[in-house]
Amino acid sequence: MNNTEYYDRLGVSKNASQDEIKKAYRKMSKKYHPDINKEAGAEQKYKDIQEAYETLGDEQKRSAYDQYGPAGANGGFSGGAGGFGGFDGAGFGGFEDIFSSFFGGGAGASRNPNAPRQGDDLQYRVNLSFEEAIFGTEKEVKYNREAVCKTCDGSGAKPGTQPTTCGRCHGQGVINVDTQTPLGMMRRQVTCDVCHGSGKEIKDPCPTCQGSGHEKRMHKVSVKIPAGVDTGQQIRLQGQGEAGINGGPYGDLFVIIKVANSDKFRRDGATIYYTLNVSFVQAALGDSVEVPTVHGDVELSIPAGTQTGRTFRLKGKGAPRLRTGTQGDQLVTVNIVTPTKLNDEQKEALRTFAKVSGEEPVHPKKKGFFDKVKDAFEAE
């Protein structure tokens, strides 16, 4: 049987290693987590990813899934009324015995509940000004996270006491449940209802964390923002996420960059764009003007006869490139501004210019017959 649906949900191949499966799960679950992704269908997608990882993240469950599909991984089997290999399961003391003969235990065996596990990752958005993104900066961020309880040091037990091994599951975190089916007695593993999968009982819970071993606490960390960052880029701070389980390491914090727009400049990667407004006199006769850059004003020579749309390059006046550290350029595009209000002297000068240039002089609109009649009535 070719079972690939769970692999497809995580975006990995059937030959993927356990590390690859774990990385894919963390990436996909973070992408579709209901607290982050508000799109329709994201919550169901998140549940599907969780279901897939519960099977593929456990080597025994994964082996059963590869051979028998979801039913095999969950302790059941969908091979039809004939059962496995034509047997009805009754002569094997229940279907669980068949899986035991192949895998040395129940198909639903879980990982060690007492094994250390890394805590969850967190995300935090940092807003930067246009200039801060160009030159880099340092920001202190504050946020709430699950931290190891200071009162019990993460044990979950009241100071002076210790957790004990769960008497119901004997520290396994799971218990076997037998169910009578038409195929015989089926055995499946479920989370222990006493220790809730931890494998430990806490008789006297810690008054601070109520037995969880974790407490919500304000945390602050300094973030060094490198020069040249842009919107959407991330900075990973190892160990600044949520507390781990059973003494496992803290998760990571991913700082998401959001850069504000500038009222002067536009940026694309390492290149900065600026529009320079000049008069038609400056464009026609040429001029030397000061142009603002993020690095300070620089002098730019405008040649005589410059046209609207001409672009000049200011080398090294852009943003730094993150990978190489080299500096980008600033591109300055000329925009010739046409005056909207002219006095009589300016108008006469332009008419003289047009006449000298051989252009048609500007005449007032000639009046027609009805215009002349209208003027005559108004004169009376």
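In this predicted model, Leu128 belongs to strand E1, which spans residues 122-128. The Leu128 residue is buried, because its relative accessible area is 3%, against a cut-off of under 20%. Leaving aside neighbours within four places in sequence, Leu128 contacts Ala133, Thr137 and Lys139. Its further contacts under that condition are Ile225, Val229, Ile257, Lys258, Val259 and Ala260. One of these partners, Ile257, is 129 residues away in sequence. The C-alpha atoms of Leu128 and Ile257 are nevertheless 7.3 Å apart in space.

The chain as a whole was also examined. It contains 10 helices and 15 strands. Of its 380 residues, 35% are buried. Contacts between residues at least 6 apart in sequence were considered next; 62% of them join residues at least 24 apart. The accessible surface of the protein chain is about 23400 Å². Carbon and sulfur atoms account for 49% of that surface.

Helix packing was described for one pair. Helix H2 covers residues 18-32, and helix H3 covers residues 42-56. Their axes come within 9 Å and cross at roughly 165°. H2 is therefore roughly antiparallel to H3, since the angle is over 145 degrees. The crossing of the two helices is left-handed. On the H2 side, the contact is made by Gln18, Ile21, Lys22, Tyr25, Met28, Ser29 and Tyr32. H3 contributes Ala42, Lys45, Tyr46, Ile49, Gln50, Tyr53 and Leu56. By class, this contact comprises 9 nonpolar, 3 polar and 2 charged residues.

Technical notes: Residues numbered from 1 in each chain as written. Predicted model: local features only at pLDDT ≥ 70, side-chain atom pairs only at ≥ 80, totals over all residues. Heavy atoms only, no water. Helix = DSSP H or I, 4+ residues; strand = E, 2+ residues; numbered from the N terminus. Buried < 20%, exposed > 50% of the residue type's maximum accessible area, 1.4 Å probe, protein only. Contact = heavy atoms within 4.5 Å. Areas by Shrake-Rupley, 256 points an atom, 1.4 Å probe, with all protein chains shown as cover. Axes fitted to C-alpha atoms, helices over the stretch in contact; angles between N-to-C directions. Parallel < 35°, antiparallel > 145°, perpendicular 65-115°, else oblique. Left-handed = near helix turned anticlockwise from the far one by under 90°. Nonpolar A, V, L, I, M, F, W, Y, C, P; charged D, E, K, R; others polar.
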